[in-house]
Amino acid sequence: MKKLGLDVLEMVVAVDEAGSFVRGAQAVHRSPSAVSMQIKSLEAVLGKPLFSRDTRNLTTTAEGKTLADYGRRMLAMREEAWASVVRPQIEGRVTIGVPDDYISSLLPQVLGKFAAAHPRVEVRVIGQPSSALVSMLKDNAIDLACLTKVRGVAGERIRFEPIIWAGSATRKVWEERPLPLAVFAHGSTARDHAVRALQRENIKFRMSYESPSFLGLLSMVDAGLAIAPLARCSIPRRLVRLSQAEGLPLLDDVEVVLARSARSRRPPCDYLAEQILAEWKE
């Protein structure tokens with residue numbers, strides 16, 4: 001009987017969710033070569049490929065999706081079993097603020113594990129831009145915030161996240177001048193980085209779309225009406241990641257931090273903060 005190690009399943013899940021061996025390896029704190037070798041060994045045992053690779057893209061096969069789905073459930077059970085033995089039963093409520101572009105890419109896995117380990121804790125998520133979350137922390141309207149570091153907020157560093165130009169795969173709108181941009185509203189660090197980089201390279205641009213809505217930006221990019229400077233972790237696989245090869249300037253990274261309000265010094269908040277740092281920190 002063949003056995004599936006949870007560590008290898010964790011790698012399969014990480015690569016499936018990240019769409020990349022490099023980013024998947026970062027999520028499990030292993031080297032890309034180690035993750036690739038383990039998954040290749042598993043594929044050899046199974047006799048089926050779990051991922052389809054080419055020079056630019058990585059996609060999960062049907063068999064890989066099935067195994068990743070089982071893996072997520074098994075890993076959640078591991079977290080629940082561990083917590084039930086080593087941690088006391090806690091209950092309460094945690095309110096966490098996260099910008100929209102981080103919610104879809106970074107939060108689901110963390111909250112799924114936390115809910116399995118602490119079923120009596122109610123988690124409330126508020127999606128707001130980083131600049132708005134700062135004042136909410138000061139007012140104790142939220143307990144925790146995962147946000148781009150901005151002036152006026154202190155927090156524990158989670159990671160440096162690359163900002164990358166994203167465009168449509170069907171229309172090369174990045175060749176237009178002035179360059180049409182879809183950006184977050186004023187106060188966005190990614191927006192500021194993009195504007196400074198374009199001005200530095202003397203590339204003319206126009207603000208084609210401005211909004212606090214991440215989905216709004218994606219809609220403009222999907223339609224081929226603009227490109228957008230987005231956190232790498234938030235870019236859907238269907239979009240093209242643009243670089244200097246397409247005539248665009250490199251963008252500075254942003255620092256993602258975990259910040260806490262004065263009222264957050266209680267066990268439910270402590271455990272969720274611990275889970276976030278364990279999952280995201282690089």
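The points below concern a predicted model of a single structure.

1. Confidence. The chain has an average pLDDT of 90, and 96% of its residues score at least 70. Among the elements of the chain, the lowest mean pLDDT, 83, belongs to helix H4 (residues 62–86). The highest, 98, belongs to strand E8 (residues 179–183). Where pLDDT is low, the predicted coordinates should not be read in detail.

2. The largest nonpolar core. This core comprises 41 residues, and the members that touch the most others are Trp165, Ile227 and Ile276. Helix H9 (residues 267–280) supplies the largest share of the core, with 7 residues. A second core, separate from this one, has 17 residues, among them Leu9, Met11, Ile39 and Ala68.

3. Surroundings of Ile227. When residues up to four places away in sequence are not counted, Ile227 touches Trp165, Ala166 and Gly167, and also Val173 and Trp174. Its contacts further include Leu179, Pro180, Leu181 and Ala182. Val221, Leu242 and Leu248 complete the set of residues that Ile227 touches.

4. Gly167 in strand E7. Strand E7 spans residues 163–167 and contains Gly167. Gly167 is buried, because its relative accessibility is 0%. Apart from neighbours within four places in sequence, Gly167 is in contact with Trp174, Val221, Ile227, Leu239, Val240 and Leu242. By contrast, Ala115, 52 residues from Gly167 in sequence, has its C-alpha 35 Å from that of Gly167.

5. A cis peptide bond. The bond from Arg177 to Pro178 is cis, with omega near 0°. Pro178 is located in the loop between E7 and E8. A reviewer may wish to look at this loop together with strand E8, the element with the highest mean pLDDT.

6. The aromatic pair. The structure holds 1 aromatic pair. The ring centres of Phe21 and Phe51 are 5.9 Å apart and the ring planes lie at 65°, so the pair is edge-to-face. Distant parts of the chain are linked by this pair: Phe21 belongs to helix H2 (residues 21–27) and Phe51 to strand E1 (residues 51–53), 30 residues apart. Phe21 is buried, with a relative accessible area of 13%, and Phe51 is also buried, at 2% relative accessibility.

7. A charge over a ring. The charged end of Arg73 sits over the ring of Tyr70, at 4.6 Å from the ring centre.

8. Cysteines. How many disulfides does the structure hold? The count is 0. Cys146 is in no disulfide, and the nearest cysteine sulfur to that of Cys146, belonging to Cys233, is 11 Å away. For Cys233, the closest cysteine sulfur is that of Cys146; the separation of 11 Å is too far for a bond, given that a disulfide requires the sulfur atoms to lie within 2.5 Å. Cys146 counts as buried because its relative accessibility is 0%.

9. Helix H6 and its cover. In H6, the buried residues are Ser130, Leu133, Val134, Met136 and Leu137. The cover over the buried residues of H6 includes strand E3 (92–98), strand E4 (121–127), E5 and strand E12 (254–260). Ala132 also has its place in H6, which spans residues 130–138. Is Ala132 buried or partly exposed? At 24% relative accessibility, Ala132 counts as partly exposed, because the buried class ends under 20%. The C-alpha atoms of Ala132 and Asp253 are separated by 20 Å, and these residues are 121 places apart along the chain.

10. Positive phi outside glycine. Two residues deserve a check of their backbone. Asn140 follows H6 and has a positive phi, near 60°. Asn140 is placed in the loop between H6 and strand E5 (144–148), and at 28% relative accessibility Asn140 counts as partly exposed. His29 likewise is not a glycine, yet has a positive phi of about 60°. His29 lies in the loop between H2 and helix H3 (32–46). With a relative accessible area of 49%, His29 is partly exposed.

Technical notes:
Residues numbered from 1 in each chain as written. Predicted model: local features only at pLDDT ≥ 70, side-chain atom pairs only at ≥ 80, totals over all residues. Heavy atoms only, no water. Helix = DSSP H or I, 4+ residues; strand = E, 2+ residues; numbered from the N terminus. Buried < 20%, exposed > 50% of the residue type's maximum accessible area, 1.4 Å probe, protein only. Contact = heavy atoms within 4.5 Å. Core = buried A, V, L, I, M, F, W, Y, C linked by side-chain atoms within 4.5 Å. pLDDT = per-residue confidence, 0-100. Phe/Tyr/Trp six-rings, centres within 6.5 Å; stacked < 30°, edge-to-face > 60°. Lys NZ or Arg CZ within 6 Å of the ring centre and 35° of its normal.
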